[in-house]
Every structure is written in C-alpha cells, then in structure tokens.
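Please open the model in a viewer and keep a selection panel at hand. The stops below follow one another, each beginning with something to select.

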Amino acid sequence: MRMIPLRAFGKLFPWGRETLLFVWNLFKSIRSILNNLFTLPQIAQIANDDTRQSSTSLDPPPFDPSQPSEPVSFPIIKLEDLESRSYFRSFHFSFNKASVPLQSVCASTSLPNRPRVLVCHDMAGGYTDDKWVQGGPNSEAYAIWHWYLIDVFVYFSHNLVTLPPPCWTNAAHKHGVKVLGTFITEWDEGRVICNRLLSTDASAQMYSERLTELAVALGFDGWLINMEVKLDLVQIPILKEFVSHLAQTMHSSVPGSLVIWYDSVTINGDLDWQNQLNLKNKAFFDICDGIFVNYTWKEDYPKLSAVVAGDRKFDVYMGIDVFGRGSYGGGQWNTNVALDVLRRDAVSAAIFAPGWVYETKQPPDFQTAQNRWWALVEKSWGILQNYPRVTPFYSNFDQGHGYRFYVDGAQVSDSPWFNISSQSFQPFLEYSEDTTSDPIRVLIDYNEASYAGGGNITFKGTLADNGYFITRLFMGKLLVGNSPLYISYSVKSVGNSLLGLSLEFSSTTKETTKILLASYGGPLFATTAFASKFSAVIMPIQVTKPEISSGWVIQESSITMEGYTLTQIHAVCYRSKAKARKLRSDLNSQDQLIKSEYYSALGHIRITNPAQNSDFPPSTFWVVEGQYIKWAVESDGSKSLCLKLTWKLKDGPDSLFPKHNIYAEKEISSGTVEVVLEYLGVAEVGAFYVSKLAVPFGISSVKFIIQVCGVDGSCQNLNESPSFQLGVEGSKHNQN
C-alpha cells in the first residue's frame, strides 16, 4: 500500500507540522499492523491511471515505458533507475522534451535583482491531467495563466525525481518563467536512499550529474532539493558535495539555471525545519542558488533571514502554504497577508500549492476564483514579467483548454480538450470584485466561437453612444527599430460596437505617446474627450473577412516609432456614431436601450516587422516517417491504427516552426473518391503518437497531414503541408 504523502494528509487535517508528524507516525504503525492482517491491493503506476478508457479489470497491466503507447509524463521512483539512465530508453522520452526556450527579459539569464515570486505546484500527487503530453479531454482541468506574476515555477510531487511535464515548461518559458523539477527523500525509504546516495563523494557526484543530464535533456532549468530525512553527521559533508556539484554542473550546462535548497535537514543532520535562514541551514544556502524556507515562520523571521543572507536576501524564498496549515496569515484568501510582510522586508516568496482554489472548489467557479486569488498576489507584489519583448509577437489568449478547437477562424474539432502547451501569451486582464463598477465586462470566453485555439477575449456590457471603455491587455518592453511595426488583430462585433487597440510608447527621455489603432466600420466619432486621449489615430490599412471564419474580421495597421519602446497595449471599446444615428432614427426609446448593449470579441493579436515573414518550406523539404505501425481489428470487424509520426526538415532548424496541427485524412473509395478530414491534436515536438485511430469499413487509405505553424501564429495551407500516407492494408503510399 502506498503511503499518503504528508502534505496530502495535511490537506485533510490542517494542523501544524510537528502534530502532523506525530499523527503520521501513528498512521504508519496502524498501517503496518493492517498489512500483517490483510493482503492489500497494489496501487497502479501513475501512467496507468487513464480515466479516459474504461476497463473491467481492477488491476491494469503494469506500465512498460519501453513500449509504444500514448505519450505520458512520469517521475523516476527508484534510485537505481536514476543511476542506470533507464528514462532515456523510454518510448516517452522524446515526447517529454520541452520545445519552448526560456524567454529572457534581457540578455542575461540571471534572475532579476529584486524580491521574487516562486510558485510550487503540488496537486493530488502530481501527474494528473497534465501528464498527457499530447493533451487530454478534460477541458475543466487545472492550469495557471497568471505567469506575469511569477519568476520561478516548481513542479512538485512526493516521488524521488519529479520531472516537470513539458506542458508546464513550455507555458512558463514562453512567459519568461524558469521551471524546476524536484528531488525528494522522505520517510524510511528516503533514509535508505540517502545511505546509498551519500555513501561516498563519488556517488553523490554521479547522482547529481544524472539530475543535470535529465534537466538538460528535457529542457527545464534546475532542481528543488528536499531532503526530509534525519541523517548521520558523517553524511553531511557528502550531502554538501551533492548539492554543490549539482549546482556547478547545472550552471555549466544551463546558464541561469537554479538549484534551490528546501529548509528541512540541518547541518547537524537533524530533520528540523527552521522556518528561517540561520546558521543551522546556511551552509546549504551558501553552495546553491537559494533556500525555500518552510512555511510556519513568524512575522520577524523574514527580516532575520534577510540579515543572515546579506547581499543575497532575494535568494531567500519564504514559504507560504495556500492551504494554511500553520502558514503565516493563514493562506487561502489571506495569502496576501504573508506576501505583504515579505514585500516589506525585501525577501522573496515561495507560494506552495496555489491549486487550493481548484482542489477546494472555491465559488462561484474556477475561472472567477482563480482570477480573484491571483489579483491578491498582483495587488501585493505587482507585475513581474513583461511582454511583448520581441517580434514576432502573437497571442490568441488561449489558456490551454476549450470546448472546441479553431484554426484561422475555422472550427476543426468539436471535442473538449486540455493542453497547457497550447497556452498563448496570457493577457494581463484586471480583476474587479465589483462587477457593476465598469460598464463592460471583460473575460476569456470558451462558449463562443474562437479565432484560434479554444478561447477569445469577450467585451460585453453597455455603452452610451459617445462613451468608451479602455482596459489593459499587455505590459511590454518592446524596443522598436527603424522598421515599421505591423499589427493585425481579429475582431467580431455586434451592431455598432467597435473595438480598437491603444498602443503606448515610451521614448528614451520617458515621454509617453499613445496611438489608437481605430476599428474599421465607420469614421471615428468626433468626441473631443475621446480623441484627446491619444497622440494620433490610425485607421486600418487592410481589412479582411475570411469566408470560413464565422464573422471574424482581420484588421491590419502599421506604425513607425523608431527608438521608442512599446510598453502597454489596451483594448478600446467604443461605438460608430454614424451607425448609432441611423439606429436611433428607426428605434423607439425602449428598443434604443437594448441597442445600447455592447459586444465585441478579440480573437488574436500579431505584431511583426517587415523582415519577418511566415513563408513555409514546401512539403518536399520535409522528411516524414511512420514508425511502430500497428493495425488492430475491432469487435465489429472495423480496424484501428496506432503509429508514431515523425518529421524534420531536410535542411535548416526545425525550431522556426514550434507547433504542428495533426490531421488524418481518410479516403473513401466507393466508385467516387471522398475524403473525411479529422483533427487529431497538436504537437510541440517533431513527433506525434496516433492512438487507436478508428478506420471504418470502406476506407482505402489514411493520409496524416502535419500542418506547420510559425512563431507568429500563422499556419500552412493543408494542401501544401507535409504528409504521410498509409494504405489500410499496411501498404505505404508515397510521401507528399
């Protein structure tokens, strides 16, 4: 029987840590007695927990990572597996590589020299919906989208080596946030592991090099080290060698990487959480990049820790448990109480388990509660990340889940989905508890048709004919060169509702210039109060209405601001006055009130310069292969297909095209040839595993299309995309 982790136990019983340890030891004793009396079933491996497939067996077959199957993320549980490097022989290894490099705010990869926010994700033992590398069907799964409030993200579980699923690394890196895995030893099993790990200096160095190798291969940025066991005093020098060597190898392999020590075992070998930086744990702090201080600290501990840290006080991350459990301020909706103290004392914060909002089902719904909780963090700590920083910049505001999926305004799937890797740059939407204070409500909307991905920003409410509403979208640091910026965005509006963009630029002398990119649909009304808000008003140079885009209109503008820095992007809601006059002439007063309702949706924003284009290589420039091809006959006589698709450019870097939409085109031969197109998913690496694709009777061949997508969000035409064709009987047709 697998033990419930201490922190999971603590979620059930919000006691202090020492009380939890006492109860925990009592629980283990009772468990041992029960084990001797009864035979308890073994709990299946994490990767076998596939709730999407029903099974009549209570015990699924053991997970064999060497065999082809739907790609999953999973931890390393045994020390011998870490030593043998068995993970790299797994079928799943190539799928688990993060594809998005860390976006740095400047040339340096170091953390900013200020108080920082570290977020440690701990939920239900880890590897839940996020383990499905190619995405899953639970559109209501947990995600984080307030990346602009975070510096470092830690993926935590109670397994020996917790490897972050690539979806978290991809989303975090896109927003400039570093990602750490976790190495943890705890309980009796952890003591046995430490005896082997810390047997010699050479052993400690070898295991630290194994951890570095994993981080480099999978594309994340370092480790949280949590040694929650009592150690012999003679093991402490070897433990220090382990931590020091890990930091050295990480720094030499990944510039800007981090190794952070958790406040647990002391320099004397005691498992004794100090809740501050002091002489009992400073020796570990001195040989790595920071300390994650346990969360039951007192009000004066941050200031005392800052004194001990000296000029490294920003490397002290004081823990805050969002579940409470003895945390200063009580966590939960009072998490900002602790944050305010840490901000005052100029140390960093380590927020543990912000998924509390999701796990405890805070009302009224997850989206609202999540935005409300993170608004407390922003109010206390402020914005930490800025984007856009470089071009091309593209955002479709996708949070990584939805009820349907869209590409360039066309719906390609009507199935619910979840994939954090699909997150686009997240807007800096402002949360207000008073829903009546603003005339327009702003939200990410998954119910309406999107332009791309699974969501858009919806603006709805009421506006007077001469009214307007401005709200924040992005806070950037984009230095503009001598070339013009091209800005395009998609809009869907009702009636005389118009939606423009306000761009705010700062000069080298800190002078501010505001430019309105006005919407098409009629002349801008001549309201002095409105026009005076902007230095200039620019109308679109091109307006496009794609036939398949369900009402979306793409507006394109250009602007030259050499030497200026783009610092803010706002949405501007207003009305066409010419249309409003015509409406008034045809409506009575009651109808006029209805027509004062405002509705617009923003589908995407793209910012590029003339030197950047989205020319895609012809399909013949790609090498596409099918591997591990396996046909199966279903009970009704139809067939299903499993295979691994791989693709790469014959010449040139594949990284120019970070995303690929995968389709299956099924050809029906029944006198006349018919084609049925099915969207399968998205790939962030040059591989995709097709699992149990249904091939009904009458299908003569299946062509898999890899739709190449650029950094600017553009997608190659399907009939020009690389593909792989397979006859139903297994005879391969020519690659296109």
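Select Asp 321 and Arg 325 and show their side chains: the two meet in a salt bridge at 2.5 Å, N to O. A salt bridge here is a side-chain nitrogen of Lys or Arg within 4 Å of a carboxyl oxygen of Asp or Glu. Both Asp 321 and Arg 325 are buried; buried means under 20% relative accessible area, exposed over 50%, and partly exposed in between, with a 1.4 Å probe and protein chains only.

Before moving on, note that this is a predicted model, in which local features need pLDDT of at least 70 and side-chain atom pairs count only at pLDDT 80 or more, while totals for chains, interfaces and linings use all residues. Residues are numbered from 1 along each chain as its sequence is written, and side-chain values use heavy atoms, with hydrogens and water left out.

**More salt bridges**

Select Arg 344 and Asp 345 next. Their closest N and O atoms are 3.1 Å apart, in a salt bridge. Asp 345 is buried, with a relative accessible area of 9%. Then select Glu 80, Glu 83 and Arg 196, which are joined into one network by salt bridges that share partners.

How many salt bridges does the rule give? The count comes to 17. For another of them, select Lys 230 and Asp 270, whose side chains meet at 3.0 Å, N to O. Lys 230 lies in the loop between β5 (222-228) and α7, and Asp 270 in the loop between β6 (258-262) and α8 (282-285), so the pair ties together parts that are 40 residues apart in sequence. Helices (H or I, at least four residues) and strands (E, at least two) are DSSP runs, numbered from the N terminus. Lys 230 is partly exposed at 47% relative accessible area, and Asp 270 is partly exposed at 31%.

**The nonpolar cores**

Select helix α7 (residues 236-253), which gives the most to the largest nonpolar core, with 8 residues. That core has 155 residues, and those with the most contacts inside it are Trp 223, Leu 239 and Phe 242. A nonpolar core is a set of buried Ala, Val, Leu, Ile, Met, Phe, Trp, Tyr and Cys residues joined through side-chain atoms within 4.5 Å. In soluble globular proteins, nonpolar side chains tend to be buried together.

Centre on Phe 242. Leaving out residues up to four places away in sequence, its contacts (heavy atoms within 4.5 Å) include Phe 183, Leu 197, Tyr 207 and Ile 225. Apart from this core lies another, of 23 residues, among them Val 624, Ile 662, Ala 664 and Leu 726.

**Val 412**

Select Val 412 in strand β13 (residues 410-413). Is this residue buried or partly exposed? At 25% relative accessibility, Val 412 counts as partly exposed. Add Glu 678: the two are 266 residues apart in sequence and 7.7 Å apart in space, C-alpha to C-alpha. Not counting residues up to four places away in sequence, Val 412 touches Phe 405, Tyr 406, Val 407, Tyr 663 and Tyr 679.

**An open sheet**

Show the 5 strands in the order β17-β24-β19-β20-β21, which form an open sheet with mixed pairing. The edge strands, each pairing on one side only, are β17 (469-479) and β21 (536-538). Two strands pair if DSSP finds at least two bridges between them. Strand β20 (residues 512-517) pairs with β21 in the parallel sense over 3 bridges. To see where they face each other, select Ile 515, which stands opposite Ala 536 in β21.
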